[in-house]
Amino acid sequence: MARDPEYPPYRDGEPVPTVLDALLGRAPARTPAVRQDRPVGTFEKNVVNYLVLEQLLTDVTGADFPALARETVLDPLGMTGSGYEAGFPHGSGRPIAHGHDTFGTPIDGFGLIHPATAAGGLWTTAADLARVQLEIRRAYLGEPALITRELAGQMLTATPGSLYGLSMVVDRSEKELDFGAVGEFTGYWAMTMCRVTGGDGFVLLANGDGGRGVAAFITELSGTQRFGAE
């Protein structure tokens with residue numbers, strides 16, 4: 001378990017640290033080196049742990065994370081409108097929603113840049129995120145899917161004392177199991193939710209920091225209040 005310092009985003013045009021730079025606290029990173037501060041196996045959702053996992057994947061496979069994600073997830077699921085590449089907004093050939101701050105002021109360019117690509121570097125569409133949700137549901141129900149039923153079970157089983165399974169927010173009631181994810185970055189807000197039994201759900205993508213309020217309203221209407229709390 002690694003400590004989660006406040007990771008500042010970087011502006012387009014200025015030097016951006018690699019994942020290894022950020023982990024080691026070396027220039028151009030503006031944060032200290034990562035140090036373990038909790039026992040292995042302790043659960044906490046934070047950006048630092050995604051940095052560690054991203055670097056681990058690169059070390060093991062020899063591929064950078066955007067290419068690895070495209071090969072193993074995006075292309076197999078037909079997520080043609082998605083990418084982790086830093087230049088995706090410029091080369092995708094698709095219209096890109098520009099982010100806005102809390103006051104509704106547009107953010108310059110395509111927003112700020114974060115060295116933790118795995119944690120917050122995905123450019124995507126509502127339809128593509130829906131594909132991910134449905135694929136997880138299929139795997140959990142034992143239907144043919146990109147991941148195993150065992151892995152889907154880990155994703156949809158909350159860690160004791162938290163709302164999180166393996167990368168998913170989980171809300172289990174007597175009648176239904178809801179799962180999804182919440183994501184935010186300067187100028188953007190995203191949320192997904194899917195119900196395992198019924199198969200219905202939603203994807204919310206907001207190009208403004210005010211998206212949190214919209215998400216809270218929708219989750220209240222859908223009866224998934226715990227998601228709104230996130």
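## Close-ups of a predicted model

**View 1. The hairpin from β1 to β2.** Four residues make up the hairpin that takes β1 into β2. This is a predicted model, so keep that in mind for every view here. The two strands run antiparallel and share four bridges. One place to look is R172, whose bridge partner in β2 is L177.

**View 2. The whole sheet, strand by strand.** Step back a little and you see four strands in an open sheet, ordered β1-β2-β3-β4, with antiparallel pairing. β1 (169-172) and β4 (201-206) are the edge strands; each has a single partner, so one side of each has no neighbour in the sheet. Ignoring direction, neighbouring strands are turned by 15° against each other on average. As a reminder of what holds such an arrangement together, strands of a sheet pair through backbone hydrogen bonds, in either a parallel or an antiparallel way.

**View 3. The middle of the sheet, β2 against β3.** Here β2 (residues 177-185) and β3 (residues 188-195) run antiparallel, joined by eight bridges. Look for G183, which stands opposite A190 in β3. A190 also has a partner on the β4 strand, namely L205.

**View 4. β3 into β4, and the two faces of β4.** Six bridges pair β3 with β4 in the antiparallel sense. The hairpin of these strands has five residues between them, and G199 in this hairpin takes a positive phi near 85°. Now for the faces of β4: F202, L204 and A206 make up the covered one, while G201, V203 and L205 make up the uncovered one.

**View 5. Helix α6 over the sheet.** Helix α6 (residues 126-140) lies across β1, β2, β3 and β4, and runs at about 35° to β3. Among the residues of the largest nonpolar core is I136. The rest of that nine-residue core is M155, L156, M168, V170, L177, F179, C194 and V196.

**View 6. M168 and its company.** What does M168 touch, leaving out residues up to four places away in sequence? Its contacts are Q133, I136, M155, L156, L163, F179, G180 and A181. M168 itself belongs to the largest nonpolar core, as do I136, M155, L156 and F179.

**View 7. The aromatic pair F65 and Y84.** Searching the whole structure turns up two aromatic pairs. In the pair of F65 and Y84, the rings sit edge-to-face, 4.9 Å centre to centre with 80° between the planes. F65 is in helix α3 (residues 65-74) and Y84 in the loop between α3 and α4 (88-91), so this pair ties together parts 19 residues apart in sequence. Are these two residues buried or exposed? F65 counts as buried at 12% relative accessibility, and Y84 is buried too, with a relative accessible area of 16%.

**View 8. The aromatic pair W123 and Y188.** W123 and Y188 also form an edge-to-face pair, with 5.8 Å centre to centre and 80° between the planes. W123 lies in the loop between α5 (117-120) and α6, and Y188 in strand β3, so the pair ties together parts that are 65 residues apart in sequence. Both W123 and Y188 are buried.

**View 9. Two backbone oddities in loops.** A cis peptide bond links A27 to P28, with omega at about 10°. You'll find P28 in the loop between α1 (19-24) and α2 (47-61). The other spot is S167, which has a positive phi of about 75° although it isn't a glycine. S167 sits in the loop between α7 (149-155) and β1. At 40% relative accessibility, S167 counts as partly exposed.

**View 10. Zooming out to the whole chain.** Nine helices and four strands make up the secondary structure of the protein chain. Starting at the N terminus, the elements go α-α-α-α-α-α-α-β-β-β-β-α-α. The radius of gyration is 18 Å, close to the 17 Å that the globule rule gives for 230 residues, so the chain is as compact as a globular protein of that length. Along its principal axes, the C-alpha trace spans about 50 × 40 × 30 Å. Of the 230 residues, 36% are buried. Take the contacts between residues at least 6 apart in sequence, and 51% of them join residues at least 24 apart.

Definitions and conventions: Residues numbered from 1 in each chain as written. Predicted model: local features only at pLDDT ≥ 70, side-chain atom pairs only at ≥ 80, totals over all residues. Heavy atoms only, no water. Pairing = 2+ DSSP bridges. Axes fitted to C-alpha atoms, helices over the stretch in contact; angles between N-to-C directions. Contact = heavy atoms within 4.5 Å. Core = buried A, V, L, I, M, F, W, Y, C linked by side-chain atoms within 4.5 Å. Buried < 20%, exposed > 50% of the residue type's maximum accessible area, 1.4 Å probe, protein only. Phe/Tyr/Trp six-rings, centres within 6.5 Å; stacked < 30°, edge-to-face > 60°. Rg over C-alpha atoms; globule rule 2.2 N^0.38 Å.
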